[in-house]
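Grab a coffee and work through these exercises with the model open beside you. Each one sets a task and then walks through the solution.

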Amino acid sequence: VTMDKIIYIGGVGSHDRQVNAISNELAAHYQKDVVGLPLRAARQDSVGVARLVQGNLVLTHSAGMTMLADTFPKEVIAIAPPLPALAYELILRSFIKTSGLYKSRSESHERRQKIRLYHSGSIIEHITKPQHNIGHLPRIVGFDAARQAVTLVTRGAKVTLGFMENDMLYPHSSEYHNVMTAKQHGVIIHDNLLGHHDEFVLYPVDVLAQLNQQSL
């Protein structure tokens, strides 16, 4: 079934340049129209987001999935989505996550460049728009991607959750009890995807390829 367009919603610290780069890469690979939204833009226009995603395929990274509460997409692929955690745990883990990603830069020169760009862009976004990034923390803390996935399935959507094997922000995601329950409700679970929490931002096509997504 071909869908009109793909909507991509980024996570905390995502910004226009970043989501545009990801959207362009996905559009070129899958030969589809891709509309990208940073989390900030999605938060500022939740009604517009609901209208945009209706009947379409939605890709989200991390906290991007929190924007789908009152929406009716046709399909959702959520990469490294949030699961319940205490605020101080998330803040602490975010430093560990950043450090882990930074250490992985030695894998290649290209990766080093991508990580440098990623960090510099998200730091600027955090500094200039804190209310739409750190300010989103209360919503992220209580968010349960597995429960949201089941809700979306009951609305008729096909839902895939992809958990990264080296996710230091949400470790052991695939062992979370609600993830098991979601699987029983028809949610497709892919765990142990190669890479870190933010891998999708660096290599979106490679991460989706691990879901056996040759086409979208």
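**Exercise 1: a strand in the middle**

S3 and S4 pair in the parallel sense over five bridges; strands here are DSSP runs of E with at least two residues, helices are runs of H or I with at least four, both numbered from the N terminus, and two strands pair if DSSP finds at least two bridges between them. Before you start: this is a predicted model, where local features need pLDDT of at least 70, side-chain atom pairs count only at pLDDT 80 or more, and totals for chains, interfaces and linings use all residues. Residues are numbered from 1 along each chain as its sequence is written, and side-chain values use heavy atoms, with hydrogens and water left out.

*Task:* Find the partners of S4 and work out which residues cover its two faces.

*Solution.*
- Step 1. On the S3 side, look for Leu57, which stands opposite Glu75 in S4.
- Step 2. Strand S5 (residues 158-166) also pairs with S4 in the parallel sense, over five bridges, and Ile79 stands opposite Gly162 there.
- Step 3. In a regular strand the side chains alternate between the two faces of the sheet.
- Step 4. Sort the residues by face: Glu75, Ile77 and Ile79 are on one side, Val76 and Ala78 on the other, and all are buried (buried is under 20% relative accessible area, exposed over 50%, partly exposed in between; 1.4 Å probe, protein chains only).
- Step 5. Five of the five residues of S4 (75-79) are buried, so the rest of the structure largely encloses this strand.

**Exercise 2: a helix with two sides**

*Task:* Which residues of H3 (46-53) are buried, and what covers them?

*Solution.*
- Step 1. Pick out Gly48, Val49 and Val53, the buried residues of H3.
- Step 2. They span an arc of only 120° around the axis, which puts them on the same side of H3; the arc is taken from the directions from the helix axis to the C-beta atoms.
- Step 3. Turn to the face pointing away from that buried side, and you meet the exposed Val47 and Arg51.
- Step 4. The cover over the buried residues includes strands S1 (5-9), S2 (33-37) and S3 (57-61) and helix H2 (39-44), with contact meaning heavy atoms within 4.5 Å.

**Exercise 3: a loop histidine**

*Task:* Is His15 buried or exposed, and what does it touch?

*Solution.*
- Step 1. Locate His15 in the loop between S1 and helix H1 (16-30).
- Step 2. Its relative accessible area is 10%, so His15 is buried.
- Step 3. Leaving out residues up to four places away in sequence, His15 touches Pro38, Arg40, Gly121, Ser122 and Glu125.
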